[in-house]
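I opened this notebook to record what I looked up in a single structure. My interest was in its pockets and in the arrangement of its strands and helices.

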Amino acid sequence: MNSILNNSIAKSKSYQEYKNLITNFAKEGRTSGENQSPEYINYTKLNESRMHRLDKTIEVNQDVKLLLKNLSKDSMWLILSESWCGDAAQILPVINKMAEVSDTIELRIVFRDENEELMNLFLTESSKSIPKLIIIDKETQKIVGDFGPRPKPAKQLLLDYKAVHGAIDTTAKIELQKWYLADKGIAIQREIAALL
């Protein structure tokens with residue numbers, strides 16, 4: 001596993017580098033990954049504006065902030081993502097704000113489709129669901145925990161919707177985005193804090 005992690009880390013980007021890539025993709029009418037469909041390109045454009053808004057509005061909860069400021073071990077938070085992923089656009093700005101609170105956290109991001117070996121180690125019920133945060137102890141190189149692809153209440157929202165309607169459709173995706181907007185990143189922060 002260490003060689004897979006090291007290979008991915010070598011290709012990783014900072015949050016700002018990742019955001020710059022997404023901005024460029026949106027301007028150029030492209031997206032990350034192999035699927036360059038108009039739908040995925042539009043998702044990238046939408047996600048670029050979502051991330052820009054969230055970077056300005058998300059705040060770290062005071063209890064979580066205190067925990068993060070008092071972390072004693074250095075860690076790397078490595079995230080598997082893609083520019084077209086709606087959950088990633090909602091979650092990465094929250095994780096970035098959390099990482100900024102602590103001097104002990106280094107945040108890095110890799111594209112899922114370019115890091116298949118790593119993704120295969122962190123499947124969600126045999127699915128390559130993203131975003132996926134992997135927390136690594138820098139000294140021991142051991143995995144402390146992982147989070148994703150979405151917080152538990154958001155997962156439950158989709159499970160409940162699918163149970164009633166039989167599938168995840170556009171309405172479900174809109175409801176999920178409304179949930180993220182109302183939650184303001186609190187569930188994400190609490191679930192990640194519980195791993196530390």
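Entry 1, largest pocket. I worked from a predicted model. I looked up the volume of the largest pocket and found about 910 Å³. I then asked how many residues line this largest pocket. The lining holds 25 residues, and D87, R150, L158, I168 and L176 are the ones nearest the pocket centre. Next I asked which elements give two or more residues to the lining of the largest pocket. I noted four helices by name: α3 (38-57), α5 (86-101), α7 (152-165) and α8 (170-183). Sorting the lining by class, I recorded 11 nonpolar residues, nine charged residues and five polar residues.

Entry 2, second largest pocket. For the second largest pocket I obtained a volume of about 170 Å³. Its lining comprises 14 residues, with L54, I58, Y180, L181 and K184 closest to the centre. I listed α3, α5 and α8 as the elements that give two or more residues to this lining. Which element gives the most to the lining of the second largest pocket? I found that α8 does, with four residues. By class, I entered seven nonpolar, four charged and three polar residues for the second largest pocket.

Entry 3, the sheet. I turned to the strands and traced an open sheet of four, in the order β2-β1-β3-β4, where the pairing is mixed. I identified β2 (105-111) and β4 (143-147) as the edge strands, each of which pairs on one side only. I also looked up the turn between neighbouring strands of this sheet, which averages 20 degrees with direction ignored.

Entry 4, the pair β3 and β4. I asked in which sense, parallel or antiparallel, β3 and β4 pair. Strand β3 (residues 132-137) pairs with β4 in the antiparallel sense, and I recorded four bridges between the two. Within this pair I located I134 opposite D146 of β4.

Entry 5, helices on the sheet. I noted that helix α2 (residues 15-28) packs on the sheet, where it touches β1 (75-81) and β2. The direction of α2 makes about 30 degrees with that of β2. I then asked which strands helix α9 lies across. Helix α9 (residues 186-193) lies across β1, β3 and β4, and I recorded an angle of about 155 degrees between α9 and β4.

Entry 6, cross-reference. Returning to the pockets, I marked α3, α5 and α8 in the list for the largest pocket and again in the list for the second largest pocket.

Technical notes: Residues are numbered from 1 along each chain as its sequence is written. This is a predicted model: local features need pLDDT of at least 70, side-chain atom pairs count only at pLDDT 80 or more; totals for chains, interfaces and linings use all residues. Side-chain values use heavy atoms; hydrogens and water are left out. Two strands pair if DSSP finds at least two bridges between them. Axes are lines fitted to C-alpha atoms, for helices over the stretch in contact, and angles run from 0 to 180 degrees between N-to-C directions. Contact means heavy atoms within 4.5 Å. On a 1 Å grid over the protein atoms alone, a cavity is a set of points where a 1.4 Å probe fits but cannot get out, and a pocket is an open set with protein on both sides within 12 Å along at least five of seven lines; lining residues have an atom within 4 Å of a point. Grid points are joined across faces, edges and corners, and a volume is the space filled by probe spheres set on the points. Ala, Val, Leu, Ile, Met, Phe, Trp, Tyr, Cys and Pro count as nonpolar, Asp, Glu, Lys and Arg as charged, and the others, Gly among them, as polar.
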